[in-house]
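Please open the model in a viewer and keep the sequence at hand. This tour proposes a series of selections and describes what is found at each stop.

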Amino acid sequence: MSNENQTPETEDADLNAEADAAQAADAEAQDSASEEPDPAEEISNLKDQLLRALAEMENTKKRAEREVKDTRAYAVTGFARDMLDVADNLSRALQSISDEAKSEAGEALKTLLEGVEMTERRLLSSLERHGVKKVEPAPGDALDPNMHQAAAQIPADQPKGAIAHVMQPGYKIGDRTLRAAMVVVSAGPATPPEGGEAEGGVDVSA
């Protein structure tokens, strides 16, 4: 159809169609431009991913080293715990004989006692060589719930809450408690009964 036969309405419609087509082309061009990645942003993202991967590798390496170290340090835990009964029996055997009996003992008994003492020292030395150490607090030491187990509380000369007596030594392996030391805790000095006499009939009122 020739331009001569077009009406004003037709010309307006054609102009609107051309404008719409131009706008659509511009919008498509803008969309294409916005979809193109920014090189600087892409480099930053890749750098961040690389740093994260390196940090994760380092954490994995440290975790593996720690697990290997713990495995070596605590591999003998079960065996060491079984050996504690042997150490206790040797210690009880030596403690059951008084110093007077030792001094009056014959050569055969003295030789036997020396052998038992040597065996106990050798056992403790072997345990210590594998990271197992004896924990034997002294009266007056502070009670450590991580290393000591309070079995009873009695009046004693030590401060209240401190260790008054050690019933059984403890052991630790590395930084862990293998067996807590069994102790008696002090309740503080005994309070004398009314009348000014403490136990044993001693007058402490003066």
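**Leu 178**

Begin by selecting Leu 178, which counts as buried because its relative accessibility is 8%, and buried here means under 20%. The model is a predicted one, and this holds for every stop of the tour. Colour the backbone by secondary structure, and Leu 178 is found in strand β5, which spans residues 176-179.

Next, display the residues that touch Leu 178. Apart from neighbours within four places in sequence, its contacts are Thr 77, Ala 80, Arg 81, Leu 84, Val 132, Tyr 171, Lys 172 and Ile 173. Add Met 147 to the selection and draw a C-alpha to C-alpha distance: Met 147 is 9.0 Å from Leu 178 in space, while 31 residues separate the two in sequence.

**The whole chain**

Zoom out and show the protein as a cartoon. Five helices and six strands come into view. Followed along the sequence, these elements give the pattern α-α-α-α-α-β-β-β-β-β-β. The protein has 206 residues, of which 19% count as buried.

Switch to a surface representation. The accessible surface is about 15400 Å², and carbon and sulfur atoms hold 52% of that area. Consider contacts in the protein with a separation of 6 or more: 62% of these are made by residues 24 or more positions apart.

**Asp 88 and Arg 179**

Return to strand β5 and select Arg 179 together with Asp 88. Their side chains form a salt bridge, with an N to O distance of 2.7 Å. Asp 88 belongs to helix α3 and Arg 179 to strand β5, so this pair ties together parts that lie 91 residues apart in sequence.

Are these two partners buried or exposed? Asp 88 counts as buried because its relative accessibility is 7%. Arg 179 also counts as buried, at 18% relative accessibility.

Now show the surroundings of Asp 88. When neighbours within four places in sequence are set aside, Asp 88 is in contact with Gln 168 and Arg 179. Keep Gln 168 on display, for it reappears at the pocket described further on.

**The other salt bridges**

How many salt bridges does a search of the whole structure find? The search finds three. In general, side chains of opposite charge can pair when their charged atoms come close.

For another of these bridges, select Arg 52 and Asp 48, whose side chains meet at 2.9 Å, N to O. Both residues lie in helix α2, which covers residues 39-74, and because they are four residues apart, about one helical turn separates them. Arg 52 counts as exposed, with 59% relative accessibility, whereas Asp 48 is partly exposed at 37%.

Then move to Glu 136 and Lys 134. Here the side chains form a salt bridge with an N to O distance of 3.7 Å. Glu 136 is exposed, with a relative accessibility of 51%, and Lys 134 is partly exposed, at 34%.

**The largest pocket**

Rolling a probe the size of a water molecule over the atoms shows where empty space is left. Select Ser 91, Gln 95, Met 167, Gln 168 and Pro 169 to locate the largest pocket: among the 14 residues of its lining, these five lie nearest the centre. The space within this pocket amounts to about 190 Å³.

Which elements each supply at least two residues of the lining? They are helix α3 (77-95), helix α5 (107-129) and strand β3 (163-168). Helix α3 gives the most, with five residues. Colour the lining by residue class to see six nonpolar, three polar and five charged residues.

**Ala 151**

For the last stop, select Ala 151 in strand β2, which runs over residues 148-154. Ala 151 is partly exposed, with a relative accessible area of 44%. Leaving out residues up to four places away in sequence, Ala 151 touches Met 167, Met 182 and Val 183. Of these, Met 167 was met already at the largest pocket, as one of the residues nearest its centre.

Finally, draw the C-alpha to C-alpha distance from Ala 151 to Ala 181. The two residues are 9.8 Å apart in space and 30 residues apart in sequence.

Definitions and conventions. Residues are numbered from 1 along each chain as its sequence is written. This is a predicted model: local features need pLDDT of at least 70, side-chain atom pairs count only at pLDDT 80 or more; totals for chains, interfaces and linings use all residues. Side-chain values use heavy atoms; hydrogens and water are left out. On a 1 Å grid over the protein atoms alone, a cavity is a set of points where a 1.4 Å probe fits but cannot get out, and a pocket is an open set with protein on both sides within 12 Å along at least five of seven lines; lining residues have an atom within 4 Å of a point. Grid points are joined across faces, edges and corners, and a volume is the space filled by probe spheres set on the points. Ala, Val, Leu, Ile, Met, Phe, Trp, Tyr, Cys and Pro count as nonpolar, Asp, Glu, Lys and Arg as charged, and the others, Gly among them, as polar. Buried means under 20% relative accessible area, exposed over 50%, partly exposed in between (1.4 Å probe, protein chains only). Contact means heavy atoms within 4.5 Å. A salt bridge is a side-chain nitrogen of Lys or Arg within 4 Å of a carboxyl oxygen of Asp or Glu. Accessible areas come from the Shrake-Rupley method with a 1.4 Å probe; for residues, only the protein chains shown count as cover.
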